[in-house]
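Subject: Structure for you to look over

Hello,

I am handing over the structure we spoke about, with notes on what turned up in it. Please read the notes with the structure open beside them.

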Amino acid sequence: MAEEGDETRNPNWAELTYECLTNILSRLSLEERWIGPMFVCKSWIHACKDPCLFSVVDLESVFSPKTESSLWWSPEFERKIDSLLISVVNWSGGINIKEIRIRHCSDQSLSFVAQRCPNLQVLSVNCCPNVTDASLGKIASHCPMLAELDISYCYEISHESLELIGSNCPNLKILKRNLLNPSQHVGIVPNEYLNACPQNGNVEAAAIGKFMPNLEHLELRFSKLTVHGLAAITEGCVKLEYWDLCGCAYLTSQDIENASTKLKNMKRLETPPPCYVPRDVFPTERYGHWRLYDERFQPSSFQI
């Protein structure tokens with residue numbers, strides 16, 4: 001009787017049916033499966049690779065701003081992320097994957113995603129210095145069901161990718177194309193990358209306005225667009241409901257107010273704080289007092 005009681009209190013997990021095990025694993029995140037169950041035994045490794053577990057590949061929780069590290073921007077870390085993403089796509093077969101949220105990958109893994117994931121609907125690849133127009137062009141060609149795209153902080157992506165995505169993905173409703181605020185990332189993001197911030201905000205805005213008429217959610221934080229780019233978007237993206245323009249130093253509140261009157265569906269508009277001038281607008285050696293102003297009053301401290 002004692003032995004039977006011990007078995008009840010300490011069940012043999014290795015005897016779980018495959019269906020029961022995959023059901024349990026489906027309740028864990030990819031990260032949780034990766035660091036735990038995969039190291040139990042061969043049968044659990046096999047179960048962790050079941051295609052049914054990979055409709056969503058979400059690693060956003062790993063990249064918390066509180067734990068942001070300069071190591072994330074290293075070639076070694078990028079290779080690890082590429083290897084992880086390629087492995088997951090291989091295990092799933094690709095066709096079941098509908099959502100990918102990851103950071104610090106490169107063209108290598110993203111091109112593989114384009115080839116193997118035709119049903120992809122959500123793609124978030126922000127903070128990827130080596131994701132370029134080459135892989136985004138493949139995504140545009142092979143993933144026509146794309147409805148949400150986040151390419152924030154990817155400085156090797158140009159307006160050409162925006163045009164291709166807009167032309168080939170008519171269901172696109174969410175676009176996030178935010179740029180880094182240098183004052184918040186010094187010492188973490190390589191200086192040469194911070195200095196490579198795209199300056200052609202109006203060109204990108206023109207591509208968005210012309211090729212993405214069904215957008216409902218648009219984020220352009222710290223973009224360099226001016227009133228000309230603003231006009232292009234308001235004329236072409238009349239379905240917009242949410243628009244984030246925080247940190248856009250070349251726009252005034254009056255510019256944004258005038259342009260947004262055309263957007264009848266607008267529910268929420270995030271605008272730059274009044275009188276905020278980022279340090280990269282004026283030469284600091286000539287306007288040294290702006291450095292102090294910039295450091296004391298960050299955009300995150302304002303709520304408009």
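Two residues are in contact when heavy atoms of theirs lie within 4.5 Å. By that rule, and leaving aside residues up to four places away in sequence, Ala-147 touches Gln-121, Asn-171, Leu-172, Lys-173 and Ile-174. This residue sits in the loop between α7 and β4 and is partly exposed, at 25% relative accessibility. Its C-alpha atom is separated by 8.6 Å from that of Leu-175, a residue 28 places away along the chain.

Before the rest, a word on confidence. This is a predicted model. The average pLDDT of the protein chain is 83, and 76% of the residues score at least 70. Residues 275–304 have a pLDDT below 50, and in the model this stretch makes 36 contacts beyond near neighbours in sequence. Where pLDDT is low, predicted coordinates should not be read in detail.

Overall picture

The protein chain has 304 residues, of which 44% are buried. Its secondary structure consists of 13 helices and eight strands. Of the contacts between residues at least 6 apart in sequence, 70% join residues at least 24 apart. The accessible surface is about 15,600 Å², and carbon and sulfur atoms account for 53% of that area.

The sheet

The eight strands form an open sheet with parallel pairing, in the order β1-β2-β3-β4-β5-β6-β7-β8. At the edges are β1 (56–58) and β8 (268–270), each of which pairs on one side only. From one strand to the next, the twist averages 5°.

For one pairing in detail, take β2 (residues 99–101) and β3 (residues 122–124), which run parallel to each other and are joined by three bridges. In this pair, Glu-99 stands opposite Val-122 of β3.

Further along the sheet, Glu-148 belongs to strand β4. Is Glu-148 buried or exposed? Its relative accessible area is 11%, under the 20% limit, so Glu-148 counts as buried. Not counting residues up to four places away in sequence, Glu-148 touches Arg-101, Gln-121, Val-122, Leu-123, Leu-172, Ile-174 and Lys-176.

Helices

Helix α6 (residues 107–116) is mostly covered, with seven of its ten residues buried. These are Asp-107, Ser-109, Leu-110, Ser-111, Phe-112, Val-113 and Ala-114. What do the buried residues of α6 pack against? Their partners are α5 (75–92), α7 (133–142) and the strands β2 and β3.

Helix α7 has Ser-135, Leu-136, Gly-137, Ile-139 and Ala-140 as its buried residues. The cover over them includes α6, α8, β3 and β4.

In helix α10 (residues 201–211), the buried residues are Gly-201, Glu-204, Ala-205, Ala-207, Ile-208 and Gly-209. They pack against α8 and α11, and against strands β5 (174–176) and β6.

As background to these lists, an α-helix has 3.6 residues a turn, so residues three or four places apart point the same way.

Helix α5 also holds Ser-92. Ser-92 is buried, since its relative accessible area is 4% and the limit is 20%. A polar atom of the Ser-92 side chain lies 3.1 Å from the backbone oxygen of Val-89.

Two loop residues with positive phi

Tyr-153 is not a glycine, yet its phi is positive, near 65°. Tyr-153 lies in the loop between β4 (148–150) and α8 (159–168).

Phe-222, again not a glycine, has a positive phi of about 65°. Where is Phe-222? The loop between β6 (217–219) and α11 (227–236) contains it. With a relative accessibility of 9%, Phe-222 counts as buried.

If you look at a few places only, I would suggest the surroundings of Glu-148 in β4, the covered helix α6, and the loops that hold Tyr-153 and Phe-222. Residues 275–304 can be left for later, given a pLDDT below 50.

Regards

Note on methods
Residues are numbered from 1 along each chain as its sequence is written. This is a predicted model: local features need pLDDT of at least 70, side-chain atom pairs count only at pLDDT 80 or more; totals for chains, interfaces and linings use all residues. Side-chain values use heavy atoms; hydrogens and water are left out. Helices (H or I, at least four residues) and strands (E, at least two) are DSSP runs, numbered from the N terminus. Buried means under 20% relative accessible area, exposed over 50%, partly exposed in between (1.4 Å probe, protein chains only). Accessible areas come from the Shrake-Rupley method with a 1.4 Å probe; for residues, only the protein chains shown count as cover. Two strands pair if DSSP finds at least two bridges between them. Axes are lines fitted to C-alpha atoms, for helices over the stretch in contact, and angles run from 0 to 180 degrees between N-to-C directions. pLDDT is the predictor's confidence in each residue, from 0 to 100. A polar contact is a pair of N or O atoms within 3.5 Å; within protein, one must be able to donate a hydrogen and the other to accept it, and residues adjacent in sequence count only if both atoms are side-chain atoms.
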